[in-house]
Amino acid sequence: MIQQAIADLLDIEKLKLESSHKFQLADLGCATGTNTFFAVQNIIEAVDAKCKLYSSKHWNNSQSLGLEYQIFFNDHVGNDFNTLFRSFPVLWQYFAAAVPGSFYGRLFPKRSIHFMHSSNALNWISRVPKEVVDINSPAWNEGSIYCSGTANKVLDAYSTQFKNDIETFLDARAQELVGGGLMMLILAGLPDDVLLCQTLIGKSYDILGSCLVDMANKGMFSKERLDSFNLPQYYPHLDEMKEVIPNNKYFSLERIETTFGPSPRDITSNIEMWASLLRSGLEGIIGDQFGNEIPGKLFECYSKKHAENRFSFDEVKDLIAFNIVLKRKYS
C-alpha cells in the first residue's frame, strides 16, 4: 500500500524534489525495535522507484534524482532511543535523528516533512478520560482496567477522547507536512458488532485485571491505586474512522482499507511469547502506576491464568487493521 500510494500520489515536480535533492521522512511512534527500519526502507525504496520512473519519462534514463534522505524517529521522551540506534542496519542510506515528544503536539517546523508514517501507535490515546477513573462519575470504569466496550458511558468517554486526539494529531501534522506531502497511518480496530472484550487483546486485559485484583487483595498495593488505573488505549470501529478522518480540512483521504492480522489462535499457541509481547508494551505504564517491582510478578500471574483458561481463547474475535493514506492539501 505504501509503494502504491507513493507511485500514484507523490508529485515530484510540485514537491520540488528535482531541485532540492532532499526528502524528509518521519516515523511517529517508532519504539525501540527494528520494525521501524523495515517501514523506512520500504518508503525509501518506493520513493527511489518513483524518481527513476520520473527520470525515465523526462530525460529518457532511469537514474535516480540523487536524493538525500533525512529520517526522524519519534516517540515519547522515555523511549530508549539508544537501544533503537544500536539496532541500526549495518548499511543505511539516510541521515537519522531522534525526535522525543508526544505526537499529539507539534514536533517539526512548518512545511518541513514530505512523508509521515505511523504504525500501531495511534491506539494509544493522549490520556485516560478523567471520568472513567472517578468513582463519583456515571462513566466510572469499575472493575476493569480498559475500555472493554460493555459499558456505554465508558465507551463514549474513550471514543470522545480518541476523536479529539486524532483531530489534534492531524492538525499538528498539517502544519508540518509540505503541500502534497503524504501520510500513512496503520492502527488496529474492531469489526462491526465486535467488542474489544471479545478479542484476544480484550481477554488478555481481563486476565491482567484479575491478576491485579489478586495482588491488591494480598496488600501489594492499595485498592484505590487499582481503581485509579485504566489503560490509555482505544480501538475504534470503521464508522468512527470514516467520521473523524474526512472531517479534517487540511487533508484529502486517498485510501482507507481494512485487513485482518494474524490469527489470535496462532499467537496464543505460545503463552510465554504472548505474555512477553504484552509485557513489552505495558511494563512501563504498569511500573509507573504500581511500582517497578510489580510487572515481573504480574506477568508471572498472567502466564499461569492464561494457561488455566487457554480454551477460552479459542473463540476470540479478530481485530482488523486500518490502513489509511492521506495527502496534505496545497492550500
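Helices are DSSP runs of H or I of at least four residues, numbered from the N terminus. In the predicted model considered here, helix α7 holds both D227 and K223, which lie four residues apart, about one turn of the helix. These two residues form a salt bridge in which the closest N and O atoms are 3.1 Å apart. The two partners fall into separate classes of accessibility, since D227, at 23% relative accessibility, counts as partly exposed, whereas K223, at 52%, counts as exposed.

The salt bridge between D227 and K223 is part of a wider set, the count for the model coming to seven salt bridges. Side chains of opposite charge can pair when their charged atoms come close. A second pair within a helix is formed by R279 and E283, whose closest N and O atoms are likewise given as 3.1 Å apart. R279 and E283 are separated by about one helical turn, because they stand four residues apart in helix α10, which spans residues 271-290. Both residues of this pair are partly exposed, R279 with a relative accessible area of 29% and E283 with a relative accessible area of 34%. Elsewhere, salt bridges that share partners join R106, R173 and E176 into one network.

Within that network, R106 forms a salt bridge with E176, and the closest N and O atoms of the pair are 3.4 Å apart. This pair links distant parts of the chain, 70 residues apart, with R106 placed in the loop between β3 (94-100) and β4 (113-119) and E176 placed in helix α5 (residues 152-176). R106 counts as partly exposed at 37% relative accessibility, while E176, at 0% relative accessibility, counts as buried. The assignment of E176 follows from the cut-off, because a residue is called buried when its relative accessible area is under 20%.

Helix α5 also takes part in the nonpolar interior. In soluble globular proteins, nonpolar side chains tend to be buried together. The largest nonpolar core of the model comprises 37 residues, of which F108, F169 and M183 touch the most other members. Two or more residues of this core come from each of β1 (22-28), β4, α5, β5 (177-189), α8 (238-244) and β7 (320-328). Among the contributors, α5 gives the most, with eight residues. The surroundings of M183 can be described in further detail: when residues up to four places away in sequence are not counted, M183 touches M116, F169, L170, R173, L177, F251, I324, V325 and L326. One of these contacts is therefore with R173, a residue that also belongs to the salt-bridge network with R106 and E176. Apart from the largest core lies another core, of 35 residues, which includes L196, F221, I294 and F313.The second largest pocket of the model has a volume of about 340 Å³. Its lining comprises 18 residues, and the closest to the pocket centre are G143, S144, V213, L226 and D227. D227 thus appears both here and in the salt bridge with K223. At least two lining residues are supplied by each of α6 (200-217) and α7 (223-227), and α6 gives the most to the lining, with seven residues. By residue class, the lining divides into eight nonpolar, six polar and four charged residues.

Several local features of the backbone complete the description. K16, although not a glycine, has a positive phi of about 60 degrees, and the residue lies in the loop between α1 (2-9) and α2. At 58% relative accessibility, K16 counts as exposed. A positive phi is also found at D193, where the value is near 65 degrees in a residue other than glycine. D193 is placed in the loop between β5 and α6 and is exposed, with a relative accessible area of 76%. S20 belongs to helix α2, which spans residues 17-20, and is partly exposed, with a relative accessible area of 38%. Although S20 and L67 are 47 residues apart along the chain, their C-alpha atoms are separated by 8.2 Å.

Note on methods
Residues numbered from 1 in each chain as written. Predicted model: local features only at pLDDT ≥ 70, side-chain atom pairs only at ≥ 80, totals over all residues. Heavy atoms only, no water. 1 Å grid on protein atoms, 1.4 Å probe; cavity = no way out; pocket = protein on both sides within 12 Å on 5 of 7 lines; lining within 4 Å. Points joined across faces, edges and corners; volume = space filled by probe spheres on them. Nonpolar A, V, L, I, M, F, W, Y, C, P; charged D, E, K, R; others polar. Salt bridge = Lys/Arg side-chain N within 4 Å of Asp/Glu carboxyl O. Buried < 20%, exposed > 50% of the residue type's maximum accessible area, 1.4 Å probe, protein only. Core = buried A, V, L, I, M, F, W, Y, C linked by side-chain atoms within 4.5 Å. Contact = heavy atoms within 4.5 Å.
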